[in-house]
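Notebook open, model loaded. I want to go through the packing, a sheet, a helix and some charged pairs.

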Amino acid sequence: MTFIDRVVIEVRSGKGGDGMISFHREKYVSHGGPSGGNGGRGASIYFRATPKINTLYNFRHSKTFIAPDGEKGGTENCYGRKGEDLYIEVPLGTVVYLEEGHEFLFDLNEEGETYLIAKGGRGGRGNAAFKSSANKAPKVAENGEPGEVKRLILELKLLADVGFIGLPSVGKSTLLAAISAAKPEIADYPFTTLVPNLGVVGAGDESFVAADLPGLIKGAHLGKGLGLQFLRHIERCRVIVHIIDMSNNGRDPYQDYKEIMEELKDYGFGLLKRPMILVASKMDEEGAKEKLAYFKKKVKKEVIEISALTDTGLDTLVRKCLDTLKVTPVFPLYDEEENEEEVKVYTLGEESKDFELVKVKEHEYVITGDRIEKYYKMCNLSTDEGMMKLISHLRRVGVDDQLEKIGAKSGDEVTLCDFVFEYVE
């Protein structure tokens, strides 16, 4: 199965069912009164995290998810049926953003975790709901509230405690295979690892999840090689194991080390703040001791020597990882303070606007605004009373006053969504 860890999808929650205009009909009962029922609520869409899948592969063709609408209200005060909510299962570690502005929404990192992503529209009221002492036979009802439409980015960031990083072919996959039951592809050419590999590493009663991440190269944070595609998986790792090749390959281990550190710095997300364990690999090869001595003199840090071929240093490395994890907290993917919702506080005399009025050309105006457009879409204009309800609302929120203020004349054309009317002074 192809490993896919980033997709763009669209979700559309269900529209509420329309309210019914109906009057009670029964033999020997005159003037039965209004009996139109309310429409049912449209279905909502939820994301739910599950361990049953480990890639976003299932989304490669399914790009649009549409929840069912609520049913229309019926006669005899019968309510419409509610739309059945839609649950979209995603792998553990999925992070969801709005496509517009790449705004972070939530992080699904626990089994069964569920989030509402698109709320279904409420059902419109039937004419029975509009009955009053002043209007005992209303011929007006509401259409259902529209559902929500959102374009989203899903990114999978693997749930690993320890991440193995380094240049291509430094021995990351070989190390993972040696200390866990994982079976990654291993070969002696660059970019053997095309997808991240996970393995559970155990030592007695303790264990941790390690990830062998595809090799980084210079410019990885800019999208070169495979780096940018998989750097995101390091973001969850609490401990980074940086593997440097000490074999006789003609490369300078210190320059290799600096190259990777520069990529981590440029990528950001605070990766350099995480505990890093330096590992010198392939210590069984000729000349490795000399290269290691040179490297230690340069970095002046502890370096664990390993050889997956002879099992040298593997237990020491595993124990170091376990001890480091015990004292290392979980790093949040995002700063909670930076992602808190901004709440608009209105001072005395200040109100949120119901609409905006724009003059598009001479004698033509357009009314825009989420609130007023939503109200219009819920108006049932099939009856005179429904039409009057809309006109009264436009007058009540100040559309007439605003048109007069900006100099509209009788006969000028005003448009709200697909509804066009003439302004009268």
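**Core packing**

I began with Leu317 and skipped its neighbours within four places in sequence; what remains in contact with Leu317 is Leu175, Val241, Ile277, Val279, Ile304 and Ile306. Note to self: this is a predicted model.

Next I looked up the core as a whole. The largest nonpolar core holds 34 residues. Val162, Phe164, Leu175, Phe208, Val241, Ile277 and Leu317 have the most contacts inside it. I then listed the elements that put two or more residues into this core: strands E9 (162–165), E11 (206–212), E12 (239–245) and E13 (276–281), plus helices H1 (172–179), H3 (253–267) and H5 (314–326). Which element gives the most to this core? H5 does, with 6 residues.

I also found another core, lying apart from that one, with 22 residues. Val7, Phe59, Leu152 and Leu156 are among them.

**Helix H1**

I checked which residues of H1 are buried, and got Lys172, Ser173, Leu175, Leu176 and Ile179. Why do they line one face of the helix? Looking down the axis of H1, I see its buried residues fall within an arc of 160°, so they sit along one face. Then I asked what covers them: the list includes E9, strand E10 (197–203), E11, E12 and H5.

**A three-stranded sheet**

I pulled up an open sheet of 3 strands, ordered E4-E2-E7, with mixed pairing. Its edge strands are E4 (86–91) and E7 (114–118), and each of these pairs on one side only. From one strand to the next, the twist averages 30°.

I looked at one of the pairings in more detail. Strand E2 (residues 45–50) runs antiparallel to E7, with 4 bridges in that pairing. For a register check I took Ile45, whose bridge partner in E7 is Ala118.

**Salt bridges**

The count for the structure is 24 salt bridges. I went through a few.

Lys15 and Asp18 meet through their side chains at 2.6 Å, N to O. I have Lys15 down as partly exposed, because its relative accessibility is 30% and the partly exposed class runs from 20% to 50%.

Glu142 and Arg125 form another salt bridge, at 2.8 Å, N to O. Both lie in the loop between E7 and strand E8 (149–156), so this pair ties together parts 17 residues apart in sequence. Is Glu142 buried or exposed? Its relative accessibility is 5%, so I logged Glu142 as buried. Arg125 has a relative accessible area of 33%, so that one is partly exposed.

Arg371 and Asp354 make a salt bridge at 3.3 Å, N to O. Here the pair links distant parts of the chain, 17 residues apart: Arg371 is in helix H6 (residues 370–377), while Asp354 is in the loop between H5 and strand E15 (356–361). I noted Arg371 as partly exposed at 46% relative accessibility. Asp354 is also partly exposed, with a relative accessible area of 25%.

Last lookup: which residues are linked in a network of salt bridges? I got Glu10, Arg12, Glu99 and Arg151.

Notes: Residues are numbered from 1 along each chain as its sequence is written. This is a predicted model: local features need pLDDT of at least 70, side-chain atom pairs count only at pLDDT 80 or more; totals for chains, interfaces and linings use all residues. Side-chain values use heavy atoms; hydrogens and water are left out. A nonpolar core is a set of buried Ala, Val, Leu, Ile, Met, Phe, Trp, Tyr and Cys residues joined through side-chain atoms within 4.5 Å. Buried means under 20% relative accessible area, exposed over 50%, partly exposed in between (1.4 Å probe, protein chains only). Contact means heavy atoms within 4.5 Å. Two strands pair if DSSP finds at least two bridges between them. Axes are lines fitted to C-alpha atoms, for helices over the stretch in contact, and angles run from 0 to 180 degrees between N-to-C directions. The arc is that of the directions from the helix axis to the C-beta atoms. A salt bridge is a side-chain nitrogen of Lys or Arg within 4 Å of a carboxyl oxygen of Asp or Glu.
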